[in-house]
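Colleague: I am new to this structure. Can you take me through it in short steps?

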Amino acid sequence: MASNQAHSEAAGDLRQFLKELDDENDLLVIKSEVDPEMELAAITRRVYETEEKAPLFENITGRIGKGLF
């Protein structure tokens, strides 16, 4: 049970973090399909280098369902 509780708390913290980024206009939702091996990594690296908004990818090639797991 402790493991499930830890997952719930972590998910809650991530949701809160994403909400705070969005509230501060520091979140960029990317709805276009991206390849997880090349495009996603390249976009993330570019964002880090330029200190742009944090990307949130909604459509990753090969990903089934929603969520992180």
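Modeller: One term to begin: helices (H or I, at least four residues) and strands (E, at least two) are DSSP runs, numbered from the N terminus. This is a predicted model, where local features need pLDDT of at least 70, side-chain atom pairs count only at pLDDT 80 or more, and totals for chains, interfaces and linings use all residues. Residues are numbered from 1 along each chain as its sequence is written, and side-chain values use heavy atoms, with hydrogens and water left out.

Colleague: What pattern does the protein chain follow along the sequence?

Modeller: The protein chain has two helices and two strands. Read along the sequence, they give the pattern α-β-α-β.

Colleague: Which strand pairs with strand E1, and in what sense?

Modeller: Two strands pair if DSSP finds at least two bridges between them. Strand E1 (residues 27–30) has four bridges to strand E2 (residues 54–57), and the sense is parallel. Its partner is therefore E2, by the rule of at least two bridges.

Colleague: Is the β-α-β crossover right-handed or left-handed?

Modeller: With the strands pointing away from the viewer, a path from the first strand over the helix to the second that runs clockwise is right-handed. Between the parallel strands E1 and E2, the chain passes through H2, and this β-α-β crossover is right-handed.

Colleague: What span should helix H2 have?

Modeller: The expected span is 1.5 Å times one less than the number of residues. H2 (residues 39–50) has twelve residues, and its end C-alpha atoms are 16 Å apart. That agrees with the expected span of 16 Å.

Colleague: Which residue just after H2 takes a positive phi?

Modeller: Most residues other than glycine have a negative phi. In the loop between H2 and E2 there is a residue with a positive phi of about 55 degrees. This residue is Glu51.

Colleague: Is Glu51 buried or exposed?

Modeller: Buried means under 20% relative accessible area, exposed over 50%, partly exposed in between (1.4 Å probe, protein chains only). Glu51 has 71% relative accessibility. So Glu51 counts as exposed.

Colleague: Which residue has a positive phi in the loop between helix H1 and E1?

Modeller: The loop lies between helix H1 (2–23) and E1. The residue there is not a glycine, yet its phi is about 60 degrees. The residue is Asn25.

Colleague: With which residue does Lys19 form a salt bridge?

Modeller: A salt bridge is a side-chain nitrogen of Lys or Arg within 4 Å of a carboxyl oxygen of Asp or Glu. The N to O distance here is 2.7 Å. The two residues are four apart in helix H1, so about one helical turn separates them. The partner of Lys19 is Asp23.

Colleague: Which residue meets Glu49 in a salt bridge?

Modeller: The two are four residues apart in helix H2, about one helical turn. Their side chains meet at 3.1 Å, N to O. Glu49 is partly exposed at 47% relative accessible area. Its partner is Arg45.

Colleague: Which residue forms a salt bridge with Glu58?

Modeller: The closest N and O atoms are 3.9 Å apart. This pair links distant parts of the chain, 27 residues apart: the segment after E2 and the loop between E1 and H2. The partner in that loop is Lys31.

Colleague: How much of the protein chain is buried?

Modeller: The protein chain has 69 residues. The buried share of them is 9%.
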